[in-house]
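Colleague: I should like to learn how to read side-chain features in a model of this kind. Might we take them one at a time, with the general idea and then the case at hand?

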Amino acid sequence: MSKFNNLSFLTQAGKEKNTHKLIFIGISVMLLGIMSILSQDAGISGDEYFHVDHAESVWNFYKSMGKDKAALYNDHTLHLYGQSLDNLVHIFNELFGIDNIYDSRHFFNSVVGWLLILFTGLTAASLFGWQAGYIALLLMFFSPRILGHSFNNLKDIPFAASYSFTLYFLVRFIKSLPNVGFKTYLPIVLGMAWAISLRIGGIILIPYFVMLVGLYYISEKGFLKPDNIKKGSKQLVLVGLASLAAYFLGLILWPFGLVSPIKNPLLTLSKMTNYQMNLNQLFEGVIQNSQDLPWYYGLKYIAISSPIIVGFGFVAFLAFLFVKKADKKKYLSYYILFFAFAFPLAYTIYQNSNLYGGWRHLLWVYGPLVALSSGGLAYLAGNKTKWLSYAGIALLVAGLYKPFIHTIKNHPHQYVYYNQLVGGVNGAYGKYEMDYYYHGIRECADFLKENIIADQKITIASDHARIAKDFLKDETAVTIAYSRYHEKNKKEWDYAIWTNTHIHPAQLNNNQWPPSGTLHKVMVDTVCIAAVVKRVSYADIKGFQAMRKNKFDEAEKYFHEFLELYPNAEEIWEGLGIIYKLQQKNDLALEKINKAIELNPGQLSSYVHQAEVLNNLKRYREALVAADKALSLNPTISEGSYQKGLAYKNLNNPGEAVRAFQDAINTNNQYYKAYHAIGEVLTSYRKYNEAIDIYSQVLRSRENDLKSQIGIAKCYHLMNNNEKCIELIKKLPRGTANHIDVMKLQCRLAIQYNDLKRAADLIKRLERNEPDSETYVIKALYAARQNQIEPGLSYLQLAIDMDAANREAIDILNRLSQATKNGNNTLKTDKPNQQQSIMFAQPKRKQTNPLRQKP
């Protein structure tokens with residue numbers, strides 16, 4: 001009877017196991033059908049078309065047998081990606097004449113996304129049983145970020161799938177040790193090759209493989225015995241050969257890697273580890289540059305945008321480790337899964353990797369986390385203690401409820417998801433990114449086709465014109481125009497499709513989004529992630545058009561007309577500020593620009609204009625703050641660095657000034673006024689040869705740059721090399737004699753040669769222009785040449801009042817004041833080669849001015 005009871009128990013256990021396995025299979029098949037169907041509703045992702053274009057280049061590379069080399073370099077660094085799924089789908093579309101390439105791409109990506117879910121489930125089932133397996137399937141499917149990206153992210157989802165695929169077979173490999181056959185190695189080789197074919201980071205699986213085998217043999221009793229060392233060494237050799245095969249197999253669909261299998265992958269690994277990308281991200285309620293995001297960015301995003309139940313399950317797994325004993329192979333499998341989740345996260349934190357767009361770059365680490373979490377939840381749900389089992393089932397149902405509702409309610413925008421830790425999507429609004437991948441554009445385009453477009457000629461603006469253009473490609477009367485949201489008033493359009501990405505939280509939270517004129521809203525819960533907008537008035541664009549033609553009164557009239565309809569239009573307030581700035585009404589300009597910033601604290605251009613106006617008002621420290629704010633929003637904005645340099649220059653901080661001007665050049669090597677500014681700083685500090693070198697750099701790319709030509713000539717004059725100075729002046733293009741800087745230099749030479757009549761004539765002509773600091777220095781030199789010391793001192797003081805950083809004026813004033821105190825009207829200097837040494841000598845007889853000689 002006892003034996004019979006035991007046999008009954010085994011039979012019952014077997015039936016239960018088969019039931020769970022059948023549930024697993026049923027859910028798997030159902031998910032494949034659901035995902036492939038749902039994928040057809042998805043929009044085009046934000047960078048999908050880049051990959052489409054590159055896939056065509058890859059196809060051309062192979063069709064031409066390597067003669068077409070466009071795939072070996074790409075402006076968007078796509079040549080550094082293997083992107084094998086993009087390439088294979090493109091080849092499929094080409095061979096079978098598929099017209100709707102994006103629907104095809106989304107179908108195949110949904111299948112790969114399903115594979116990610118499937119192999120995560122299989123991994124859980126392999127370690128914890130089939131119940132854990134189908135719990136993992138459900139956790140993955142109802143992780144909205146995973147599901148949403150499975151529709152149209154052919155870069156991150158395939159990599160995550162290849163990672164989980166390989167991890168599953170590594171777990172199987174552990175079970176087979178030490179008797180491992182070819183069939184066990186083969187899928188691991190294919191998995192690693194698949195990962196490498198997508199991105200070079202897939203080689204991380206090779207050290208995983210080596211580590212796993214090493215740990216297994218090290219943990220063996222008597223592992224230092226010759227026999228064990230021999231077995232371990234043999235296994236490591238096989239692992240090495242398998243890894244080598246996977247590496248080269250992974251390069252087959254990657255032209256850049258294929259043409260130089262060692263050098264180019266190493267170069268790619270170096271570049272991708274320190275990938276440079278400056279994208280503004282809304283994180284924790286603050287717009288931050290992606291390179292300045294806090295170290296915990298990726299970790300926090302996983303925590304706040306994954307179902308909370310996954311975290312509870314992982315905690316249950318940790319408890320399960322202490323309660324339920326397992327053999328060495330199980331513990332090794334747990335370790336490799338935990339390491340596969342934790343190590344990449346730790347490495348990105350250590351490397352300060354440039355992450356953005358939530359945690360899409362880290363989707364690949366989620367599978368092993370869910371596998372472990374499923375083990376913990378299965379331990380609770382399948383526990384023999386009834387109350388614990390019921391509690392586990394209740395926890396699972398409750399934990400999946402909100403993700404389930406979100407998935408059903410918000411299709412096809414499931415990826416816009418946040419959990420209860422931040423109050424869901426509604427609580428995260430204005431604090432974290434929403435539709436950063438532009439999925440909402442499809443629904444907006446459909447609304448326009450169904451309700452607005454009727455063979456009428458209209459222009460539709462969008463912050464992602466390429467996506468909008470694809471969805472409206474059959475509308476021949478429609479013109480698609482690109483416009484950033486914060487530049488909408490400057491562009492011509494009749495209707496617009498906007499997403500709420502890159503909009504400042506102040507506008508999101510103060511009812512400025514969606515904007516006036518909204519006809520249709522794309523909603524996730526109660527949050528508008530995209531909108532169709534009709535232009536409320538054309539007065540705004542007319543105002544900017546008038547402003548560009550310097551018709552300031554007309555522009556001002558249009559701007560005020562628009563503000564009556566839409567008083568919160570920050571671009572219009574900024575436009576008014578620019579008008580007043582151009583008319584040198586700086587106080588009024590500052591008032592309007594400050595209003596623009598109040599309405600949109602993220603308006604980059606407003607901070608740049610604010611810095612310029614503050615510099616004009618000689619409020620240099622405030623100008624520094626404004627310039628730094630602009631640079632915090634975009635470190636590559638050259639004008640921000642330039643205005644920062646001007647502020648430092650006027651605060652008598654030449655070192656920081658030159659650094660800021662150099663930053664402007666580093667971000668735009670054709671930003672010539674920054675070169676000029678450096679030249680002026682160096683000249684003012686008598687570093688004439690260095691100034692000449694800077695000006696010469698400009699002339700190498702712009703040989704007729706008048707500012708640089710005059711700057712070099714002035715340096716030679718100040719070094720008392722007047723022959724060279726005059727030679728350069730004579731080489732200036734015709735028609736430049738009346739240029740103000742040319743007249744200044746000619747006046748200096750006239751004073752130098754005591755040609756006072758010529759100097760007086762040039763000064764009169766200079767006085768027709770707005771007075772500046774250098775003009776007063778020249779008038780001081782003219783007065784001092786005639787021994788009119790008091791007027792000379794007055795002019796120098798005016799020069800300094802106008803430009804506190806005018807080193808020439810300061811130096812001459814100090815020397816002349818000292819000479820006057822000593823009762824001597826002649827200014828001496830220790831540097832006879834400096835121009836100032838002869839400026840205040842006793843009047844001499846007029847010399848022949850070479851510029852007045854007839855050729």
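Colleague: Which helix holds both Arg659 and Glu656, and how many residues apart are they?

Modeller: A helix here is a DSSP run of H or I of at least four residues, numbered from the N terminus. Arg659 and Glu656 both belong to helix H29 (residues 654–667), where three residues, about one turn of the helix, set them apart. Please bear in mind that residues are numbered from 1 along each chain as its sequence is written, and that this is a predicted model, in which local features need pLDDT of at least 70 and side-chain atom pairs count only at pLDDT 80 or more, whereas totals for chains, interfaces and linings use all residues. Side-chain values use heavy atoms, with hydrogens and water left out.

Colleague: What joins the side chains of Arg659 and Glu656?

Modeller: They meet in a salt bridge, at 3.1 Å from N to O. The term requires a side-chain nitrogen of Lys or Arg within 4 Å of a carboxyl oxygen of Asp or Glu, and the structure holds 38 such bridges.

Colleague: Is Arg659 buried or exposed?

Modeller: Accessibility is read in three classes: buried is under 20% relative accessible area, exposed is over 50%, and partly exposed lies in between, with a 1.4 Å probe and protein chains only. Arg659 has a relative accessible area of 51%, so Arg659 is exposed. Glu656, at 28%, counts as partly exposed.

Colleague: Which helices are linked by the salt bridge between Lys707 and Asp741?

Modeller: The closest N and O atoms of Lys707 and Asp741 are 3.6 Å apart. Lys707 belongs to helix H32 (residues 706–718) and Asp741 to helix H34 (residues 740–752), so this pair ties together parts that are 34 residues apart in sequence. Lys707 is partly exposed at 36% relative accessibility, whereas Asp741 is buried at 16%.

Colleague: Which helix does Lys744 reach through Glu774?

Modeller: The side chains of Lys744 and Glu774 form a salt bridge of 3.6 Å, N to O. Because Lys744 lies in helix H34 and Glu774 in helix H36 (residues 773–785), parts that are 30 residues apart in sequence are tied together. Lys744 is buried at 4% relative accessibility, and Glu774 is buried at 18%. Through bridges that share partners, Lys744 and Glu774 belong to one network with Lys714, Arg748, Asp772 and Glu808.

Colleague: How many aromatic pairs does a search of the whole structure find?

Modeller: Rings of Phe, Tyr and Trp (its six-membered ring) pair if their centres lie within 6.5 Å; planes under 30 degrees apart count as stacked, over 60 as edge-to-face and the rest as tilted. The search finds 58 pairs. One of them, Phe141 with Phe142, is edge-to-face, with 4.9 Å centre to centre and 85° between the planes. Both Phe141 and Phe142 are buried.

Colleague: What is the geometry of the aromatic pair formed by Phe173 and Phe209?

Modeller: Phe173 and Phe209 are edge-to-face, at 5.0 Å centre to centre and 80° between the planes. Phe173 lies in helix H7 (residues 156–176) and Phe209 in helix H9 (residues 205–218), so the pair connects parts that are 36 residues apart in sequence. Phe173 is buried at 0% relative accessibility, and Phe209 is buried at 0%.

Colleague: Which residues form one aromatic cluster?

Modeller: The cluster consists of Phe128, Phe314, Phe317, Phe320, Tyr331, Tyr334, Phe338 and Tyr379.

Colleague: Which lysine lies over the face of Tyr485?

Modeller: A charge sits over a ring if NZ of Lys or CZ of Arg is within 6 Å of the ring centre and within 35 degrees of the ring normal. Lys488 takes this place over Tyr485, at 3.9 Å from the ring centre. Lys557 lies over the face of Tyr558, at 4.8 Å from the ring centre.

Colleague: Finally, where is Ser36 found, and which residues does Ser36 touch?

Modeller: Ser36 is part of helix H1 (residues 2–38) and is buried at 16% relative accessibility. Contact means heavy atoms within 4.5 Å. Leaving aside residues up to four places away in sequence, Ser36 touches Phe107 and Ser110.

Definitions and conventions. Helix = DSSP H or I, 4+ residues; strand = E, 2+ residues; numbered from the N terminus.
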